[in-house]
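I opened this entry to keep track of what I looked up, starting with an enclosed space and then turning to single residues.

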Amino acid sequence: MKTDSGSTESLWMQSARMPRGDTLQEDLHTGVCVVGAGISGLTTAYLLACEGKSVVVLDDGNIGGGETSRTTGHLATGLDDRYHRLEKYHGESGARLAAESHAHAIDRIEQICRSENIDCDFRRVDGYLFVPPGESDRELFREMEAAQRAGLSDVELVTRMPVDSYDFGPALRFPRQARFHALRYLNGLAALVIERGGRIHTGSFVERIEDGEPVQISVAGGYTVTAADVVVATNSPVNNLFTPHTKQAAYRSYVIVLRIPAGWLPDLLAWDTPDPYHYLRKARSENPEWDLLIVGGEDHKTGQSGGQGDAPFQRLERWARERFPMASELVAAWSGQVVEPVDGLAYIGRNPHDEHGYVATGDSGNGLTHGTIAGLLITDLIQGRDNPWARLYDPGRVPLRAAAEFARENLNVAAQYADLFASAELSGSEELQPGQGAILRRGLQQIAAYRDDEGLLHEHSALCTHLGCVVEWNGTEKTWDCPCHGSRFDKCDGHVINGPAASGLANVLEGPRCDRPPLEERGDARPHRH
């Protein structure tokens, strides 16, 4: 499966034949227009279609071609931001609603898989939170008490995880977590949306969204979709300049997959307490003699890698082999984008200042359950129903209890503007090797320069089109990444891959350009259920 979200290929991309829609080539009117064909967008479209709503889904790339394809497939009520911190930010009642909503999301995914016969390797497993060797287990007791207050009464402390190759020490056990193949699940959802009369148009770039009655969605090519309501489910909203971007930060997270002998590792999820942290799970292999060990972590802020290159992958592999010495060859390595809200929970609901616009963002490392919550919550809001989670996830909420985190994140953003005055990374484009990108300076202008494998040079303004930060070369994914709010751009033609930027980098070089691949090269199947 080819995507434009980066040059690496996830395990799920290797093993899924994803749907391909048609590019929008006409004006349309619909009840709800969903922008984004990841788990948030397709879950919302599916649930609305089940209630008889007319739905049109638009995506610049392919179905599942964004960050959903770069997940590790964890479905957990054991949240990355910890219940004792959620209590601090949202109170005990808020933490309870968070636990309830994520548990309900897992239940709904399971119900959809069963009732709609979607074969996506869904399975319930135990999850474990553990501390690194030599560190105090005080964090485990603190989190156990908070999780139990949040209603997860069956969370318990165990003396060790059920892993023979390495003693991880005491751990918190979270029963009834789950794992699945996210892209196969999306494949099934896409087919169901179409079966119920919905339309999915891929390769259709949304240029502008104007709230009103009706909402006006302008699409590249001069076409317009009018709708009673619009849902922007693009990982980071492309329809807002500041909100909620000042309340969340984008991070890159890294994943490797190693082959291990079948049966050596129980089917489980596990994650530890450091920052950056590690997480792991097992996946099935097509060869019955082998299982696949998935290990992730080594997160850092997007566009602030400091030139790490493949070092995060190497650190993950070293960490994994120390604990699983039976592991053999590396079979996949990729990175993905995680959006962290300052108060630990996603922003889902009516877009601030809009009457008919809705957003889903801030996955906080639990994007698959947050995305499913988004579908459930936004469907209720559009249908005029009360939802007990609406206030908790309100995009307009003011994170007063997370004021320190809010200030720290925005000070970090402000510091990135110093790059406007930084010296060039190379003295000239002639120093660029094939496959390499770097920031050059031409007078007062900073240039994002990339030389492709055929030796052609591609130059763009290095200023992000969102708020003007200087982008950084991402040597892992071969993209230009913004260190301020996580926008990402293609290496060749500069088109926007991730918001909040709504347009690509400005071209500054006349001559050869690397155009985006034709749609038929970015997908290889029509929607179907497995």
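**Cavity lining**

I looked first at the lining of the second largest cavity, to which β11 (248-261) and β15 (330-341) each supply at least two residues; strands here are DSSP runs (E, at least two residues) and helices are DSSP runs (H or I, at least four), numbered from the N terminus. I note that this is a predicted model, in which local features need pLDDT of at least 70 and side-chain atom pairs count only at pLDDT 80 or more, while totals for chains, interfaces and linings use all residues. Residues are numbered from 1 along each chain as its sequence is written, and side-chain values use heavy atoms, with hydrogens and water left out.

I took a cavity to be a set of points, on a 1 Å grid over the protein atoms alone, where a 1.4 Å probe fits but cannot get out, with lining residues having an atom within 4 Å of a point. The structure holds three cavities of 30 Å³ or more, and the second largest encloses about 60 Å³, a volume being the space filled by probe spheres set on the points, which are joined across faces, edges and corners.

Which residues lie nearest the centre of the second largest cavity? I found Ser-236, Gln-248, Ala-250, Val-339 and His-485 there, out of eleven lining residues. β11 gives the most to this lining, with three residues. By class I recorded three nonpolar, eight polar and no charged residues, with Ala, Val, Leu, Ile, Met, Phe, Trp, Tyr, Cys and Pro taken as nonpolar, Asp, Glu, Lys and Arg as charged, and the others, Gly among them, as polar.

**Ala-327**

I then went to Ala-327, in the loop between α6 (311-323) and β15. Ala-327 counts as buried because its relative accessibility is 10%, where buried means under 20% relative accessible area with a 1.4 Å probe and protein chains only. Beyond its neighbours within four places in sequence, Ala-327 is in contact (heavy atoms within 4.5 Å) with Leu-258, Arg-259, Ile-260 and Arg-321.

**Thr-369**

Is Thr-369, in helix α7 (residues 367-382), buried or exposed? I found Thr-369 buried, with a relative accessible area of 1%. Its side chain makes a polar contact with the side chain of His-102 at 2.9 Å; such a contact is a pair of N or O atoms within 3.5 Å, one able to donate a hydrogen and the other to accept it, and residues adjacent in sequence count only if both atoms are side-chain atoms.

Key: On a 1 Å grid over the protein atoms alone, a cavity is a set of points where a 1.4 Å probe fits but cannot get out, and a pocket is an open set with protein on both sides within 12 Å along at least five of seven lines; lining residues have an atom within 4 Å of a point. Buried means under 20% relative accessible area, exposed over 50%, partly exposed in between (1.4 Å probe, protein chains only).
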